Amino acid sequence: MRTFPPYRAQVVAEIPVTTRAERERALAAAGYNAFNLPANMVSIDLLTDSGTGAVSAKQEAAAAAADRSYAGSESFFRFREALSELTHYPHLLPVHQGRAAERVLFTNVLGRGKISVSNTHFDTTRANVELLGAEARDLPCAEFGDLDSLEPFKGNINLDVLEQLLTGPEAGRVGMVLVTITNNGGGGQPVSMANLAAASRLARAHGVPIFLDAARFAENAWLVVQREEGYAGKTPREVAEEAFGLVDGCVASLKKDGISPMGAFIGLRDPELAQRCEALLIATEGFRTYGGLGAHDLDRLARGLREVLDPHYLEARAAEAARLAQLANEAGVDIVQPPGIHALYLNAGRLLPHLPASRFPGHSLACELYLAGGIRCAELGSLYIGELDENNELVTPAPFELVRLALPRRTYSRGHYDYVAEILGDIAKNPESVPGYRIVEAPKILRHFNLTMAPVA
Ligand SMILES: *Cc1c(COP(=O)(O)O)cnc(C)c1O
């Protein structure tokens, strides 16, 4: 079917235009770490899809009319209603962003020695598990290991290994199962409803709570409608409701599918657990009717949560991602297949075979995209999850050397993505000219945010 994005620009923001010489100076000054670049030196910012979506005129109108009351604000009731009709959870707590939701929930579910099991923990999610002295264990399905395979649900959790864990000697240590939809750390791949239902049955049979990390609940629902048998006739809203219905609760960053700059929530069924979370929320985030958010955020989210489930919007967004994937392939750059929605994951290891893992080909490609085109993106490879020795030499590489091009919601148009594909094509014509990098300084925790690097001639 022919289609188009069901929105148009009404207010626009200027994009900086820079020269290669200016970008070379800026990247060197940033220690070759894109997180240190000033945004006014970036032209196309594909670092993240978090908080970077364009808000609608109606969201801004709602934000202007927000009720800033400390307790019982009307904005909170609108926010709660939007979440209630989506999740049907009786207990809904606002928090300022996803990682705060993680800290508040996990503090009340995990503890020292416990295990959190997931298809893949997102980086802050893992950090919040580990800060409690618990272990974050990733059980991605076997299909995920083949980057080129066209399996439709490579975000699934590995049910066989999950069952072994829940029936084996470590069963008593499992504190929760957390299913990330879509699987951001696992190539942005979706989770099928069949897999989620089976994981839920297993968890419940063994008395372990199961939660969603639901940052991209709408995009996962869209991919289920497209790919899973029996779901073709359903709306994304029906699928999302079913997913929330299969589990005991969720944490969700709403900076993604809430299409707003800030926000998140915790949803729960268990009243006793909800009460403990609420106490920690009030002590550390804010009162239960704002949770660290401004009233304008609550109202933007109440609308964003409905706009994101518009099938025309989701169809246009998925089509844009698929089109960029095809342009990248035509330019000679392989991506993790099949393309998802919120990001494309470029196979840098394959594009730059002259660079060993210890020279960080993903980082090299990300730097080259910036130098050649002012495009900012993030490495997901050995720099991100490889193991380093005390001299910052790589001892255990990551299984893949990827670069994530995150696609902000409603922000860029075809012209921008055509440009990205052209720059990728330029790099792919002469890949041997791309230099490797070495680590100059690396902090011990969350290192990819704070690394400094240098090119190796
Ligand atoms: C973004 C994200 C988080 C953390 O949310 P923030 O709002 O950035 O704190 C957690 N899990 C997943 C899957 C995410 O994508």
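The following paragraphs describe the domain arrangement, the ligand site and the unusual backbone geometry of a predicted model.

The domain assignment divides the protein into domain 1, made up of residues 20-49 and 310-456, and domain 2, which spans residues 57-307. The C-alpha centres of domain 1 and domain 2 are separated by 27 Å. Contact between them involves 27 residues from domain 1 and 28 residues from domain 2. Between the two domains an area of about 2400 Å² is buried, and carbon and sulfur atoms account for 56% of this area. On the side of domain 1, L314, P338 and R409 together provide 22% of the area buried against domain 2, more than any other three residues.

The ligand is surrounded by 15 residues, of which G98, R99, D213, S253 and K256 come nearest. Classified by residue type, this shell comprises seven polar, six charged and two nonpolar residues. Two helices, α4 (98-107) and α5 (123-131), each contribute at least two residues to the shell. The largest share, three residues, is supplied by α4.

Several polar side-chain atoms lie at short range from heteroatoms of the ligand, as the following distances show. For D213, a polar side-chain atom is placed 2.8 Å from a nitrogen atom of the ligand. Oxygen atoms of the ligand are involved in the pairs with R216 and K256: an N or O atom in the side chain of R216 lies 2.9 Å from a ligand oxygen, and a polar side-chain atom of K256 lies 3.0 Å from a ligand oxygen. The ligand taken alone exposes 380 Å², and 98% of that area is buried by the protein.

Most residues other than glycine have a negative phi, and most peptide bonds are trans. Against this background, three sites in the model deserve mention. The peptide bond between I181 and T182 is cis, with omega about -25°; T182 is located in the loop that links β5 (174-180) to α7 (193-205). A cis peptide bond also joins Q337 to P338, where omega is about -15°. P338 belongs to the loop between α12 (311-330) and β9 (343-347), and P338 is also one of the three residues named above for the area that domain 1 buries against domain 2. Finally, Y32, a residue other than glycine, has a positive phi, near 50°. The position of Y32 is in the loop between α1 (20-29) and β1 (44-45).

Notes: Residues are numbered from 1 along each chain as its sequence is written. This is a predicted model: local features need pLDDT of at least 70, side-chain atom pairs count only at pLDDT 80 or more; totals for chains, interfaces and linings use all residues. Side-chain values use heavy atoms; hydrogens and water are left out. A residue is near a molecule or strand if one of its heavy atoms lies within 4 Å of it. A polar contact is a pair of N or O atoms within 3.5 Å; within protein, one must be able to donate a hydrogen and the other to accept it, and residues adjacent in sequence count only if both atoms are side-chain atoms. Accessible areas come from the Shrake-Rupley method with a 1.4 Å probe; for residues, only the protein chains shown count as cover. Helices (H or I, at least four residues) and strands (E, at least two) are DSSP runs, numbered from the N terminus. Ala, Val, Leu, Ile, Met, Phe, Trp, Tyr, Cys and Pro count as nonpolar, Asp, Glu, Lys and Arg as charged, and the others, Gly among them, as polar. Domain bounds come from an automatic or database domain assignment. Contact means heavy atoms within 4.5 Å. Buried area is the accessible area (1.4 Å probe) that two parts lose on being put together, summed over both.
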